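The exercises below are meant to be worked with the sequence and the coordinates open side by side. Try each task before reading the solution that follows it.

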Amino acid sequence: MHRPIVIVPACINQIGVHPNHTAQRKYVDAVAAGAGCQPLILPALGEATDLQAVLALADGIMLTGSPSNVHASLYGQELRDPSLPLDPARDATTLPLIRAALARGLPLLAICRGFQEVNVALGGTLHQAVHEVEGMRDHREPKHLSLEEQYAPSHRVRLEQGGRLSRILEGATEIDVNSLHGQGIATLAPGLQVEARAEDGLVEAYSVADAPGFTLALQWHPEWRLEHNPDSQKMFLAFGQACRIYQSKAGRGA
């Protein structure tokens, strides 16, 4: 049996004088080591992407975090701060990919920017600056600190009892998570089911209620130091198992 193939959409990043399709190593490694699957990086080609060719190969999709934000025009808002990084090529690739993958019942794991992308792809909206919303805490990382300190546990989230994430975590009611995002859920898209909230009420995890396959979207970063976090390991194991089940049903694991 070969490993299930998990599509990891790339970002566009400038390296030197050339733009590049990139995916951070920590996400790719988490798919391989944590989920036991074969990651396959998908270039951010936008409308030039042959979605049917991609989905014919895929046993799962993992959407990564990124320094860039989903463009506000995609959820009906004016851009609040044009100085923040954007990635229209990734937007044009991931949003249709999300809708097509969910329609096929592909397992989907979405992290940080990916968490926000799924919400926008399905009709939800975002706060462009969570820290400016009354009653909300500042969920951004202190950029002057080391990576270890930026990715350290920052706050607790309360899990919805009986939800998908609670079941994955064997009935846990709360967990500590890191926090490295300036934007967040304003309006949850129709059909999404809250799995966890921060102490200020911000949605931190959700699933797609009626999706035929595994879905889990997380605002925090479970891929960071995965080998040291038993909760994150359980999430990636559950995703990997869902990919293996999908692969088996598709009859292409030999």
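**Exercise 1. The faces of a strand**

Which residues of strand 13 are buried on one side, and which on the other?

*Solution.* The model is a predicted one, and its local features are read only where pLDDT is at least 70. Begin with one face of strand 13, where Thr 215 and Ala 217 are buried, and then turn to the other face, where Leu 216 and Leu 218 are buried, so that both faces turn out to be covered. Next, look at the partners of the strand: strand 6 runs parallel to strand 13 and is joined to it by four bridges, with Thr 215 as the bridge partner of Leu 108. Strand 12, by contrast, runs antiparallel to strand 13 and is joined to it by two bridges, and here Ala 205 has Leu 218 as its bridge partner. The connection between strand 12 and strand 13 is a hairpin of six residues.

**Exercise 2. The order of the sheet**

Give the order of the strands in the open sheet, and explain why strand 4 and strand 9 each have one side without a neighbour.

*Solution.* Reading across the sheet, the nine strands come in the order 4-1-5-6-13-12-11-8-9, and their pairing is mixed. Strand 4 (38–42) and strand 9 (174–177) stand at the edges with a single partner strand each, and therefore one side of each has no neighbour in the sheet. From one strand to the next, the twist averages 20 degrees. As a further example of pairing, strand 1 (residues 5–9) and strand 5 (residues 60–63) are parallel and share two bridges, with Val 6 opposite Gly 60 of strand 5.

**Exercise 3. Helices across the sheet**

Determine which strands helix 3 and helix 4 lie across, and then describe the burial of helix 4.

*Solution.* Helix 3 (residues 88–104) lies across strands 1, 4, 5, 6, 12 and 13, and runs at about 145 degrees to strand 5. Helix 4 (residues 113–121) lies across strands 5, 6, 11, 12 and 13, and runs at about 115 degrees to strand 6. Counting the buried residues of helix 4 gives nine of its nine, among them Arg 113, Phe 115, Glu 117 and Asn 119. Gln 116 also belongs to helix 4, and because its relative accessibility is 4%, it counts as buried. Leaving aside residues up to four places away in sequence, Gln 116 touches Leu 126, His 181, Gln 183, Gly 184 and Gln 219. Just after helix 4, Gly 123 has a positive phi of about 105 degrees.

**Exercise 4. Two cysteines without a bond**

How many disulfides does the structure hold, and why does Cys 11 form none?

*Solution.* A search of the whole structure returns zero disulfides. For Cys 11, the closest cysteine sulfur is that of Cys 112, and because the two sulfurs are 11 Å apart, they are too far from each other for a bond. For Cys 37, the nearest cysteine sulfur belongs to Cys 243 and is 4.3 Å away, whereas the cut-off for a disulfide is within 2.5 Å. Both cysteines are nevertheless buried, Cys 11 at 6% relative accessibility and Cys 37 at 1%.

**Exercise 5. Pocket and cavity**

State the volume of the largest pocket and of the largest cavity, and name residues that line each.

*Solution.* The largest pocket has a volume of about 620 Å³. Its lining comprises 30 residues, of which Ser 66, Pro 67, Glu 141, Lys 143 and Leu 180 are the closest to its centre. Helix 1 (25–34), helix 4 and helix 5 (147–150) each contribute at least two residues to this lining. Helix 1 has buried residues as well, including Tyr 27, Val 28 and Val 31, and their cover includes strands 1, 4, 5 and 6 together with helix 7 (230–250).

Turning to cavities, the structure holds one of 30 Å³ or more, and the largest cavity contains about 30 Å³ of space. Asn 69, Leu 79, Asp 81, Leu 84, Gln 128 and Gln 183 line the largest cavity.

Notes. Residues are numbered from 1 along each chain as its sequence is written. This is a predicted model: local features need pLDDT of at least 70, side-chain atom pairs count only at pLDDT 80 or more; totals for chains, interfaces and linings use all residues. Side-chain values use heavy atoms; hydrogens and water are left out. Buried means under 20% relative accessible area, exposed over 50%, partly exposed in between (1.4 Å probe, protein chains only). Two strands pair if DSSP finds at least two bridges between them. Axes are lines fitted to C-alpha atoms, for helices over the stretch in contact, and angles run from 0 to 180 degrees between N-to-C directions. Contact means heavy atoms within 4.5 Å. On a 1 Å grid over the protein atoms alone, a cavity is a set of points where a 1.4 Å probe fits but cannot get out, and a pocket is an open set with protein on both sides within 12 Å along at least five of seven lines; lining residues have an atom within 4 Å of a point. Grid points are joined across faces, edges and corners, and a volume is the space filled by probe spheres set on the points.
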